[in-house]
Amino acid sequence: MTETHTRFDAAFTAAPLVAILRGLTPAEAPAVGDALVDAGFTLIEVPLNSPDPFDSIKLLIERVGDRAMIGAGTVLTVEDVARVHDIGGTLIVSPNVNTDVIAATAARGMISMPGYFTPSEGFAALAAGATALKLFPADGTTPGYLKAQRAVLPKALRMLAVGGIVPENVAEWRAAGADGFGLGSNLYRPGKSADAVAAEARRYLSALKDLA
């Protein structure tokens, strides 16, 4: 296990929530990063279809990279994996099972969390080197669908539910086998103040704490 994977294990254990900052601008990045990490988040991604995403990722690494793992979401190409790696990012999150992207991520010792929907996709992602899987879009199915898949996917595999997750349904998804969650527009959306993001972050963390 690489140092990055050891760090990921610790970060995921501390707070199994990935902040998906789609639409974040570099001007917002430092304040939003501070808000999330001060609340207790340890995993942050900036989707590459955001404005100047690599600038935001670099700013977040400089600002909170000692307290959280930072990387990119909506990663669709091997070239983007390399670019994220070169600026110090450690997380690669994809919306799909692109085995070339997954393998390139694993080869660089980074964390690969691809989105999948079927067991076939899930096993293909794992064979390519995925670290964890995200069921996406979770709001396109039910917790029961995840529970059925957990019966065949590796027991130790970390599974995240992504899409439509709110504090009120965390318990239901957790009971079905979700180890963690990816949080998008319900946590952050363009123009949302850092204070409002912090308040929402605390709501999610409180929902998880209630399950402990």
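Two strands count as paired if DSSP finds at least two bridges between them. With that in hand, take a look at this predicted model: 8 strands close into a barrel, and their pairing is parallel. Besides the barrel, there are two pockets to find, the largest with about 230 Å³ of space and the second largest with about 170 Å³.

**The barrel**
- Going round, the strand order is β1-β2-β3-β4-β5-β6-β7-β8, and the twist averages 25° from one strand to the next.
- Strand β7 (residues 158-162) runs parallel to β8, and 3 bridges join the two.
- Look for V162, which stands opposite G182 in β8.

**Helices lying across the strands**
- Helix α1 lies across β2, β3, β4, β5, β7 and β8, and runs at about 55° to β7.
- Helix α3 (residues 53-64) lies across β2 and β3, at about 160° to β2.

**The largest pocket**
- This pocket has 21 lining residues, and I20, F136, V162, G163 and G184 lie nearest its centre.
- Strands β4 (91-94) and β8 (180-183) each supply at least two residues of that lining.
- Sorted by class, the lining has 8 nonpolar, 9 polar and 4 charged residues.

**The second largest pocket**
- Its lining includes F12, T13, A14, R174, D179 and K209.
- Two elements give two or more residues to this lining, α1 (3-14) and α9 (194-211).
- Helix α9 gives the most, with 4 residues.
- Here the classes come to 8 nonpolar, 1 polar and 3 charged residues.

Key. Residues numbered from 1 in each chain as written. Predicted model: local features only at pLDDT ≥ 70, side-chain atom pairs only at ≥ 80, totals over all residues. Heavy atoms only, no water. 1 Å grid on protein atoms, 1.4 Å probe; cavity = no way out; pocket = protein on both sides within 12 Å on 5 of 7 lines; lining within 4 Å. Points joined across faces, edges and corners; volume = space filled by probe spheres on them. Nonpolar A, V, L, I, M, F, W, Y, C, P; charged D, E, K, R; others polar. Axes fitted to C-alpha atoms, helices over the stretch in contact; angles between N-to-C directions. Contact = heavy atoms within 4.5 Å.
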